[in-house]
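Let's take a walk through this structure together, one region at a time. Keep the 3D view open and turn it as you read.

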Amino acid sequence: MTIEYAVYRSELFGDIYIASDGEAIVKVELFPEEWRAFAGEHPAVKSRSPLLERALEQLDEYFHGRRQAFDLPLKWKGTAFQEEVWGALCRIPYGETATYADIAAQIGRPKAVRAVGQANRANELSILVPCHRVIGKNGALVGYAGSRTDVKEKLLELEWRYK
């Protein structure tokens with residue numbers, strides 16, 4: 001299957017890659033090295049399809065404080081547990097945060113805090129599925145794609161500014 005993609009140029013992060021299978025958004029990537037790895041595994045062709053145009057428009061609205069929720073078809077690929085976590089992430093309101101423990105409790109698995117963290121890390125639809133809104137129980141910005149908490153901080157600051 002060929003993946004179509006478009007690039008959103010963000011003032012905060014530079015190029016953000018958005019990929020579609022023609023029916024739904026399947027990947028949002030902020031890190032060029034990870035995009036290259038993904039594109040190396042999936043034949044990818046640059047496109048201006050209506051779906052990708054909508055995604056670019058909605059990202060632009062989000063980054064300029066005019067959009068708080070995305071209205072795009074999303075296709076995530078994970079275990080049943082991961083998909084449950086990602087669904088819970090989508091219910092965290094714009095400009096608000098939840099802890100990993102909150103998410104674990106919300107999905108009825110209060111002891112699965114670390115597994116929630118791993119599911120959060122496996123989210124391939126960042127920003128659209130707002131994993132950046134999940135923080136440590138002490139309020140610290142932890143666990144975002146390893147040591148990339150600066151991304152989480154910038155996204156939260158953006159939302160707090162426009163909330």
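Leaving aside its neighbours within four places in sequence, E84 is in contact with I107 and R109. You will find E84 in helix α3, where this residue is partly exposed, with a relative accessible area of 37%. To get a feeling for the scale of the model, which is a predicted one, look from E84 across to D60: the two are 24 residues apart in sequence, and their C-alpha atoms are 28 Å apart in space.

Now turn to the sheet. Four strands make it up, in the order β3-β2-β1-β4, and the sheet is open with mixed pairing. Why do β3 and β4 each have one side without a neighbour in the sheet? They stand at the edges, each with a single partner strand, so one side of each is left free of a neighbour. On average, neighbouring strands here are turned by 30 degrees against each other, direction ignored.

A helix belongs in this picture too. Helix α2 packs on the sheet and touches β1, β2 and β3, and the direction of α2 makes about 25 degrees with that of β1.

It helps to go through the pairings one by one. Strands of a sheet pair through backbone hydrogen bonds, in either a parallel or an antiparallel sense. Strands β1 and β2 are antiparallel, with seven bridges between them, and a hairpin of three residues connects the two. Within this pairing, R9 stands opposite D15 in β2. Moving on, β2 and β3 also run antiparallel, joined by four bridges, and here A19 stands opposite K27 in β3. On its other pairing, β1 runs parallel to β4 (residues 44–46), with three bridges between them; there, I3 has A44 in β4 as its bridge partner.

Is β1 mostly enclosed or open to the outside? Six of its eight residues are buried, so β1 is largely enclosed by the rest of the structure.

Next comes the interior. The largest nonpolar core holds 41 residues, and those with the most contacts inside it are I25, F63, V85, L89 and I103. Strands β1 (3–10), β2 (14–20) and β3 (25–29) each supply at least two residues of this core, as do helices α2 (50–63), α3 (80–90), α4 (100–106), α5 (113–121) and α6 (149–162). Which element gives the largest share? That is α2, with seven residues. Apart from this core lies another one, of eight residues, among them I3, V7, Y17 and V26.

I25 is a good residue to zoom in on. Beyond its neighbours within four places in sequence, I25 has contacts that include I18, A19 and S20, then L51, L52 and A55, and also L72, P73, L74 and K75, as well as L125 and L128.

F63 leads on to the aromatic residues. The structure holds nine aromatic pairs. In one of them, the rings of Y8 and F63 have their centres 5.6 Å apart and their planes at 10 degrees, so this pair is stacked. Y8 sits in strand β1 and F63 in helix α2, 55 residues apart, and the pair thus links distant parts of the chain. F63 also pairs with Y62, this time edge-to-face, with 5.3 Å from centre to centre and 80 degrees between the planes. How accessible are these residues? Y62 is buried at 0% relative accessibility, F63 is buried at 8%, and Y8 is buried as well. Y8, Y62 and F63 belong to one aromatic cluster, together with F13, F70 and Y94.

Finally, let's see what the UniProt record adds. Its unreviewed entry gives residues 5–75 the annotation "domain: Methylguanine DNA methyltransferase ribonuclease-like". In the model, this span is 34% helix and 30% strand, and its end C-alpha atoms lie 14 Å apart. The unreviewed UniProt entry also lists C131 for "active site". Where is C131 placed? Look in the loop between α5 and β6 (134–135). C131 has a relative accessible area of 3%, so this residue counts as buried.

Conventions: Residues numbered from 1 in each chain as written. Predicted model: local features only at pLDDT ≥ 70, side-chain atom pairs only at ≥ 80, totals over all residues. Heavy atoms only, no water. Core = buried A, V, L, I, M, F, W, Y, C linked by side-chain atoms within 4.5 Å. Buried < 20%, exposed > 50% of the residue type's maximum accessible area, 1.4 Å probe, protein only. Contact = heavy atoms within 4.5 Å. Pairing = 2+ DSSP bridges. Axes fitted to C-alpha atoms, helices over the stretch in contact; angles between N-to-C directions. UniProt positions renumbered as here; feature names shortened; annotations may be inferred. Phe/Tyr/Trp six-rings, centres within 6.5 Å; stacked < 30°, edge-to-face > 60°.
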